[in-house]
Amino acid sequence: MPHDSTHLPGNHSQDLWKRALDLIPGGVNSPVRAFKGVGGEPFFVTKAKGFTITDADGRDYVDFVGTWGPAILGHAPDCVIGAVREAALNGTSFGIPNPLEVEMAETICRLVPSVEKVRMVNSGTEAVMSCIRLARGVTARDRIVKFEGCYHGHVDSLLVKAGSGALTLGQPDSAGIPSALAELTITVPFNDIEALKTVFREGGKEIAAVILEPVPANAGLYLPKPGFLEGVQALCREYGALLIFDEVMTGFRLAPGGAQEVFGIRPDLTAMGKVIGGGLPVGAFGGRRNLMDWLAPLGPVYQAGTLSGNPLALTAGLAQLREMERINGWQLLEELGMLFEEGMRRAIHGKEMTFQRIGSMFCLYFRQGPILNLADAKESDTTAFAHFFHQALDRGIYLAPSQFEAGFLSTAHSPEVLEDGLKTLTDILKGA
Ligand code: KE4
């Protein structure tokens with residue numbers, strides 16, 4: 001019988017929170033979990049299965065966050081748990097090449113149009129950090145262009161006007177980043193191709209790369225205007241800068257080949273993560289052979305990781321990808337996304353709100369749309385969002401605890417579950 005300590009005294013969320021605050025900065029191991037964007041105290045989860053998460057007080061919630069993207073099949077899918085349980089019997093880490101690294105590389109290169117070679121790492125941050133260093137090494141240039149509100153993990157060069165937790169906490173420019181480094185990062189508004197043209201005209205020959213979330217999902221969720229991604233790519237090509245797609249969240253979710261498959265763009269480098277780890281720590285970055293071969297031990301750009309290519313993480317990720325292909329999960333996610341969108345649009349009809357979605361990723365903004373960039377997103381009524389979040393939570397629905405995050409559906413969110421959720425959310429919004 002597995003040890004179940006969740007219901008012993010001192011193990012309920014309130015007691016856990018007190019203990020966590022004493023020993024973990026802000027009580028959390030990642031700032032977005034602290035409920036700073038919505039107020040109140042976070043709850044602690046002890047288990048999760050399918051669309052359900054269960055807190056330390058035994059309460060169930062329908063989860064619309066899915067651990068920020070990895071749980072594309074819902075939590076703890078049998079195919080992943082069974083495979084990891086089996087693989088663990090063979091060891092948890094070798095620090096020596098293992099066959100799963102070859103299988104994962106073959107799978108990623110087969111699914112992602114622009115990736116000819118790939119290297120595994122242990123987080124999305126590591127994947128992005130490695131892309132930045134590689135781009136600077138290959139081009140022998142220092143400047144990086146990013147877009148306001150895009151979040152690319154806690155990479156020093158990119159915690160400049162960043163989204164996600166940095167934006168939620170009102171600190172888009174982190175302390176601790178040397179100004180000499182931050183000055184090498186140029187930021188422009190997303191969807192503003194003229195602003196990008198000006199940046200390139202003024203200093204294009206110094207720009208190593210432009211990095212973006214092809215679908216920004218760290219200031220809520222908004223989409224590229226028609227032609228914008230093509231325009232960014234054309235400017236990169238004109239000035240010899242590399243185009244980096246950060247597909248840590250969109251990769252393997254919006255389509256088998258991610259946003260680059262949906263929009264028909266082949267970036268030079270791609271950062272990946274989340275879905276390909278099946279919930280275990282993983283990241284990956286890849287691109288053209290003639291770029292990836294600049295990496296050690298072949299080339300002069302150093303990059304390494306003790307647990308990179310970890311057999312358990314790759315087992316989980318491969319099991320998840322295999323199942324998505326078996327059930328054509330992407331088609332199912334689009335059908336579920338459409339059902340959810342239709343219901344949400346009915347719920348907010350005539351209200352000062354906007355619902356934006358692509359595939360299984362969505363955001364409900366508390367302001368009229370369309371939302372096309374960070375400035376638009378920041379006009380949202382975050383107080384009204386916080387009130388909505390807690391009303392939903394009280395009724396057993398867990399949404400992302402910030403207006404500046406996206407929501408995620410999984411293949412486990414059946415039409416019945418979505419209809420129930422929509423009924424509850426519609427009821428709440430009646431009073432909004
Ligand atoms: P990680 O280092 O957290 O694995 O990935 C960083 C990252 C990189 N790129 C994009 C587009 C991302 O969205 C992320 C991380 N996503 C956030 C959710 N907005 C993770 C949640 C958290 O920070 O706890």
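Which residues line the second largest cavity? In this predicted model, the lining is made up of Gly50, Asp63, Gly66, Ala71, Gly74, His75, Phe408, Leu409, Ser410 and His413. By residue type, that lining splits into six polar residues, three nonpolar and one charged. The space inside is about 40 Å³.

His75 also leads us to a residue in a strand. Threonine 52 belongs to strand S2, which covers residues 52-55. Setting aside residues up to four places away in sequence, threonine 52 touches His75, Asp60 and Tyr61. Is threonine 52 buried or exposed? Buried, because its relative accessibility is 18%, and the cut-off for that label is under 20%.

**Enclosed and open spaces**

Let's step back to the cavities as a group. The structure has two of them at 30 Å³ or more. The largest cavity holds about 150 Å³ of space. Its lining counts 16 residues, and Phe362, Cys363, Leu364, Phe385 and Leu399 are the ones nearest the centre. Three elements, helix H12 (329-348), strand S12 (361-365) and helix H14 (382-394), each bring at least two residues to this lining. The top contributor is S12, with three residues. In character, the lining of the largest cavity has 12 nonpolar residues, three polar and one charged.

There is an open space to look at too. The second largest pocket has a volume of about 580 Å³ and a lining of 26 residues. Nearest to the centre of that pocket are Glu101, Ala105, Val118, Arg119 and Met120. Helix H3 (99-111) and strand S4 (117-121) each give at least two residues to the lining, with S4 providing the largest share, four residues.

Here are the three spaces side by side:

| Space | Volume | Nonpolar lining residues | Polar lining residues | Charged lining residues |
|---|---|---|---|---|
| Largest cavity | about 150 Å³ | 12 | three | one |
| Second largest cavity | about 40 Å³ | three | six | one |
| Second largest pocket | about 580 Å³ | 13 | eight | five |

**Domains and nonpolar cores**

How is the chain divided into domains? The domain assignment gives domain 1 (11-76 + 328-430) and domain 2 (79-325). Taken over C-alpha atoms, the centres of domain 1 and domain 2 are 24 Å apart. Where the two meet, 37 residues of domain 1 are in contact with 35 residues of domain 2.

Now for the packing inside. In soluble globular proteins, nonpolar side chains tend to be buried together. The largest nonpolar core in this model has 40 residues, and Phe147, Leu196, Phe200, Leu212, Tyr222 and Val232 touch the most other members. Several elements each supply at least two residues of this core, including strand S5 (143-147), helix H7 (193-203), strand S7 (207-212), strand S8 (242-246) and helix H13 (374-378). S12, already met at the largest cavity, is also one of these suppliers to the core. Helix H8 (228-239) is on the list as well, and H8 gives the most to this core, with six residues. Both domains take part: the core draws at least three residues from each of domain 1 and domain 2.

Leucine 196 offers a closer view of the packing. Leaving out neighbours within four places in sequence, leucine 196 is in contact with Val145, Phe147, Val188, Val232 and Leu235. Apart from this core there is another, of 37 residues, with Phe64, Ala386, Leu422 and Leu425 among them.

Definitions and conventions
Residues are numbered from 1 along each chain as its sequence is written. This is a predicted model: local features need pLDDT of at least 70, side-chain atom pairs count only at pLDDT 80 or more; totals for chains, interfaces and linings use all residues. Side-chain values use heavy atoms; hydrogens and water are left out. On a 1 Å grid over the protein atoms alone, a cavity is a set of points where a 1.4 Å probe fits but cannot get out, and a pocket is an open set with protein on both sides within 12 Å along at least five of seven lines; lining residues have an atom within 4 Å of a point. Grid points are joined across faces, edges and corners, and a volume is the space filled by probe spheres set on the points. Ala, Val, Leu, Ile, Met, Phe, Trp, Tyr, Cys and Pro count as nonpolar, Asp, Glu, Lys and Arg as charged, and the others, Gly among them, as polar. A nonpolar core is a set of buried Ala, Val, Leu, Ile, Met, Phe, Trp, Tyr and Cys residues joined through side-chain atoms within 4.5 Å. Buried means under 20% relative accessible area, exposed over 50%, partly exposed in between (1.4 Å probe, protein chains only). Domain bounds come from an automatic or database domain assignment. Contact means heavy atoms within 4.5 Å.
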